[in-house]
Amino acid sequence: MEKKTENKMNTTPMGRPVRIISIGFTGRPEDCTPMNPYPLRRLDEMVGYIESCAGVDETDMILLPEFWPGASVIQDLEGEVITEMRRLAARYRTYMICPISRKTENIPKLNSAVLIDRQGEIVGVYDKHYPFWSEYDIDPAPAPGQEIPVFDTDFGRIGMAICFDANFPDVWDALGRQGAEIVFWPSAYSAGTQLQAHALNHNYYIVTATTAGDCLAYDINGQEILYECSPDVNITRLTLDLDRCIFHDNFNIEALEKLIQDHGDEVEIELRMPKESWFILRTKQDGVPIRPLADQYGLTGLRAYKYDSQFRIDSLRNENLRSLTPRTGTFYDYLSSVGILAKSCPDVFRQVKVVRTVSKTEK
């Protein structure tokens, strides 16, 4: 049964809109074999899906599902799948995340998500950190990924995770601490509230594309924004605003009142969450970002506030740091010492340079 929920965010003003297409599908009996138990599509079929939707409106990201060419179809970054997806990304001037079973010179198989930019260049690869057990029944067995990178795009900082990774908080915590604003999750199943918990705890968007034939999107406060599913092929379009900010009341109320007093025509309180002591700010004018204003008025984003608090309270466990006073001193000295500039909205680690590039040996 097809199910759709309205993405109300599409109808509100946005300071930094990101236009996303998620393509998913369900399995067909003729495609499933012992060596490929996962749903798949031929390359020409996926090209057709992309061509049917990417040219309709401008797009910033196309997300494809895990193992879509087939779990046992193993290619390197110069294989026909990635070559064709690079051509399409360049043609439609969009980023794309294309999952494949990938091989390198030294590793026979990795479950990878390949990030392609608007020029058709490969700008990043994420290797699934926690392969699912049934993947080890397919020869060759996958090697677990070694890194949890984030990547800077022209619309914001993104992270990727794949399928079974949903069960392991360390993956999602690492993405949050590196400043991910949105996490893309290709998968063979839907996960649901598992993903909702990560969005809630780390205050980034999560968007999915699955071979369960559906797409989920979660907000920076963990609320479900959108759910769409179809019995065969599901193509979802959604637009998210990466300018929206979430805050804790603590230390922010005086600055918030001053901000609204001075710039009430530009920024508004979208949502108050009194049980959590949180609030969300958004722009009132398309194309007018409010994050610089939040920084200017000294508001501290929720994620930065939590990391700051964790560091300080953990430091107080050390007898030598018991003189630490609130919101001054050691935490910011630490950030400076490692070359990290604290940003108030929303990431304390926005300037950390952890963007991974693909080396020639991996290609």
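Helices here are DSSP runs of H or I with at least four residues, strands are runs of E with at least two, and both are numbered from the N terminus. Keep in mind that the model is predicted.

**Exercise 1.** Work out where Asn-203 sits and whether it is buried or exposed.

*Solution.* Start with the backbone: phi of Asn-203 is near 60°, which is positive, and this residue isn't a glycine. Next, place it: Asn-203 falls in the loop that links helix H4 (193-202) to strand S11 (205-210). Finally, check the surface: the relative accessibility is 4%, and the cut-off for buried is under 20%, so Asn-203 counts as buried.

**Exercise 2.** Do the same for Phe-251, then look at the peptide bond between Asp-139 and Pro-140.

*Solution.* Phe-251 is not a glycine either, yet its phi is positive, at about 70°. You'll find Phe-251 in the loop between strand S15 (245-248) and helix H5 (253-263). Its relative accessibility is 45%, so Phe-251 counts as partly exposed. Now the peptide bond: Asp-139 and Pro-140 are joined in cis, with omega about 0°. Pro-140 belongs to the loop between S7 and strand S8 (150-152). For background, most residues other than glycine have a negative phi, and most peptide bonds are trans.

**Exercise 3.** Take helix H2 (residues 80-92), compare its span with the expected one, and find which side is buried.

*Solution.* Span comes first: H2 has 13 residues and runs 18 Å from first to last C-alpha, close to the 18 Å expected at 1.5 Å a residue. Then list its buried residues: Val-81, Ile-82, Glu-84, Met-85, Leu-88, Ala-89 and Tyr-92. Their arc around the axis is only 160°, so they lie on the same side of H2. The spacing rule helps here: an α-helix has 3.6 residues a turn, so residues three or four places apart point the same way. What do the buried residues of H2 pack against? Their partners are helix H1 (43-54) and strands S4 (74-75), S5 (95-102), S6 (110-116) and S7 (122-127). Just after H2 comes Arg-93, with a positive phi near 55°.

**Exercise 4.** Describe how H1 and H2 pack.

*Solution.* Geometry first: the angle is about 10° and the axes are 11 Å apart. Angles under 35 degrees count as roughly parallel, so that label fits H1 and H2. Now the contact: H1 brings Leu-43, Met-46, Val-47, Ile-50, Glu-51 and Ala-54, while residues from H2 include Val-81, Met-85, Leu-88 and Tyr-92. Sorted by class, the contact has nine nonpolar, no polar and five charged residues.

Notes. Residues are numbered from 1 along each chain as its sequence is written. This is a predicted model: local features need pLDDT of at least 70, side-chain atom pairs count only at pLDDT 80 or more; totals for chains, interfaces and linings use all residues. Side-chain values use heavy atoms; hydrogens and water are left out. The expected span of a helix is 1.5 Å times one less than its number of residues. Buried means under 20% relative accessible area, exposed over 50%, partly exposed in between (1.4 Å probe, protein chains only). The arc is that of the directions from the helix axis to the C-beta atoms. Contact means heavy atoms within 4.5 Å. Axes are lines fitted to C-alpha atoms, for helices over the stretch in contact, and angles run from 0 to 180 degrees between N-to-C directions. Angles under 35 degrees count as roughly parallel, over 145 as roughly antiparallel, 65 to 115 as roughly perpendicular and the rest as oblique. Ala, Val, Leu, Ile, Met, Phe, Trp, Tyr, Cys and Pro count as nonpolar, Asp, Glu, Lys and Arg as charged, and the others, Gly among them, as polar.
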